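Take a look at the model below, and keep the backbone in view. The paragraphs that follow go through some of its local features.

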Amino acid sequence: MINKILTHQKSLTLFIQQYFNRSLNLIVYTLLFILIASRSYAQSSWTADNGNGTYTNPLFYDEFSDPDLIRVGNDFYLTGTTMHSVPGLPVLHSKDLVNWKVISYAMDRFRQGGEFNLQDGKEAYGQGIWAPCIRYHEGIFYIFSNVNKHGLQIFTASNPAGPWKQHQLKGHIYDLSVLFENGKIYVVYGVGEIKLIELKPDLSGFVEGSDRVIIPRGNAMGEGNHIYKINGKYYITNADNGRLQCARAANIEGPYETTVVSAKETMGTTLGWLTNNMWLDSALPAANARLSMTRQSDQLFGSVPMHQGGIVDLPNGEWWGFSMMDFRAVGRTTFLSPVTWKDGWPFFGIEGNLGRSPRTWFKPNVAQPDRPQAPYKRNDNFDAPQLASAWQWNHNPVDSKWQLNGGSLRLHTLPAKDFLWARNTLTQRGVGPESEANVELNGQQLKDGDIAGLGLMNIPYAWIGILREGNRYLFRMFDQSQQKTIDKPITSPRVYLRAFGNFDDDIAQLSYSLDGKTFEKVGDSIRLPFQLKTFQGTRFALFAYNTKGTEGGYAQFKNFTLKEPLADRAKNLPLDQVITLTNLADRRQAWANPHGMLCPGRSFSPEKDINYLFRVLDRGQGKVALQALNGSGFLTITSMGLSADVRLIKEETAGSLFVWQDMLRGQCMLLSLKTNRFVGLDPHTGELYSADWPGTLPNRKDGTVFSWQVVNE
């Protein structure tokens, strides 16, 4: 136990050892560790781990689309789509499926086509490398992925931390999955019509004549295939229209039967803003283009629900599902679900609630769980010999035109039409629910026509920075969506830049400072839509380019920090606190009726009415009980959990246990461990509370989501 705490608090332990000159006695150590262990693990960057034996989805609150995942012994490895960003194909490692750390990138740059270099009027936004498949066979790790319009790529390594070797094949194999069996390498691919082809053992190409259809159209199959052989049967998962489909057969060539294993699970996430008429093959819009955006319905599922993913087993026999979800301005990110096998099908969800997934649930039962940790190093003072692990270049970098130089990042300006055409733009994913990028810019060495700054990479985009005009420097903000330019005179080419993003509300704000202390907002709030041209969520971007068609000077960036004000969720579970619960559907508070049932209360919010107050009691490992302060007892689910089966009982029972679902921003759901369903009501009928709700709708106004507020006794 002490070793585990030491691992969690390494930096604090070093401080303690130095302070006491490595001579602490056992009693002092014990007291210090008890103090440390009794506190929730505070996070400065999002991690799914709650530090109490549970996790809260998403695994990452930044883009990680088209995930694929394997287990090798007691270790798990994960990769996903990176589109046009490099390095590409991150390889992440975990011991417990919840805490991940990037250990390598399989692809350092694109070696196909000028479009990956942003030259000659060509670009690869939204293209690049998609939907990888990671596998391990006979001591070798493999990643298979298609580079759009350039064919299948295979990356191999004996160590997942690299180095990786790239093999380029001909043939456009889209959204593939691979199975090694009996000396053969089977590749499953296709959309709607699922095909099987064999790969030569030396990876030189495909076996001639091996391509055949194994699941004809008309079987409800989609795209994003993942193939497995489990207990002698073949399983293929893929996704379509916001659901996860599964096919199975006794023979790899079929015939296959199919069923849905996950559907409708949005976890209370709505469709966000969308840029209109912006598709993968659309021309890149000019800086002066008039773009329109639409706020999509908050009642529609669209492509939000969990889709495109697969399954993985634990050494103890447990199964877990992974899938992605469209997550507004952040992009598409990855979720973890318990899997329940029923009638030979791997359903996402828990017994009694199949096809739906908890937002907060118990961590996988592994021998050595990881400590809570974020997947990337995001902050960067640029004093290391390499960039922090979260950075990716927008298209291929020009290696001779950037340097790490004594604690600064130096970007040399190259000619570009506008921000989206600028080469050597360095990006990081926007991190939800909120994040704030800060960086110091020194433009002393910029030349005439040079622009450098901090941008929000999206369509439409926005940026702030410094423009050099002749011998003067000008501070400039540009917002493409409003076609607004704001210029401010500055006396020094050294400025501090800030970009704040609220990725739940699809909105951002740009600010600047001349002293690094007092920041001034520039312009109006900036809308952050999703769109299918870059096919990525909004990214923070450091950029420098020349507007006059020549190579210019250079910009120096220092001390990049990414702050995540909502990453620490330690206070999102109000243990030992007295709270009220207000239903988002009808704005009525939950009422401990003296007749012993949980009811919708008055239509207004009473002030400290004891009948509306509940104490949240800690029952360990994320489990809670709620005790009514009016003396009626513990909130308890009886019988089947139907209407009026959410009771107030004097004595606490197993039916009194819930898993608190952290919906963030002071909102929650209550998952009954008796029914494995949620407490809720139909706001249109006046019915009493039940515990038979499978989950919530995207707008959270179906009667299952509460806002909670601590009340001082």
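Where is P87 found? The model is a predicted one, and in it P87 lies in the loop between β4 (85-86) and β5. The peptide bond joining V86 to P87 is cis, with omega about 0 degrees. A cis bond also links G162 to P163, here with omega near 5 degrees. P163 sits in the loop between β9 (151-157) and β10 (165-168).

Strand β5, which follows the loop of P87, belongs to an open sheet of four strands, ordered β2-β3-β5-β6 with antiparallel pairing. Because β2 (65-72) and β6 (101-107) stand at the edges with a single partner strand each, one side of each has no neighbour in the sheet. On average, neighbouring strands of this sheet are turned by 25 degrees against each other, direction ignored. Within the sheet, β3 (residues 75-81) and β5 (residues 88-94) run antiparallel and are joined by three bridges. L78 faces L92 of β5 across this pairing.

Two further loops hold residues with unusual backbone signs to check. E138, in the loop between β7 (129-137) and β8 (140-147), is not a glycine, yet has a positive phi of about 50 degrees. R700 is likewise a residue other than glycine with a positive phi, near 65 degrees, and is placed in the loop between β52 (690-693) and β53 (706-710).

Are these two residues buried or exposed? The relative accessibility of E138 is 70%, so E138 counts as exposed. R700 has a relative accessible area of 13% and is therefore buried, the cut-off for buried being under 20%.

Terms used. Residues are numbered from 1 along each chain as its sequence is written. This is a predicted model: local features need pLDDT of at least 70, side-chain atom pairs count only at pLDDT 80 or more; totals for chains, interfaces and linings use all residues. Side-chain values use heavy atoms; hydrogens and water are left out. Two strands pair if DSSP finds at least two bridges between them. Helices (H or I, at least four residues) and strands (E, at least two) are DSSP runs, numbered from the N terminus. Axes are lines fitted to C-alpha atoms, for helices over the stretch in contact, and angles run from 0 to 180 degrees between N-to-C directions. Buried means under 20% relative accessible area, exposed over 50%, partly exposed in between (1.4 Å probe, protein chains only).
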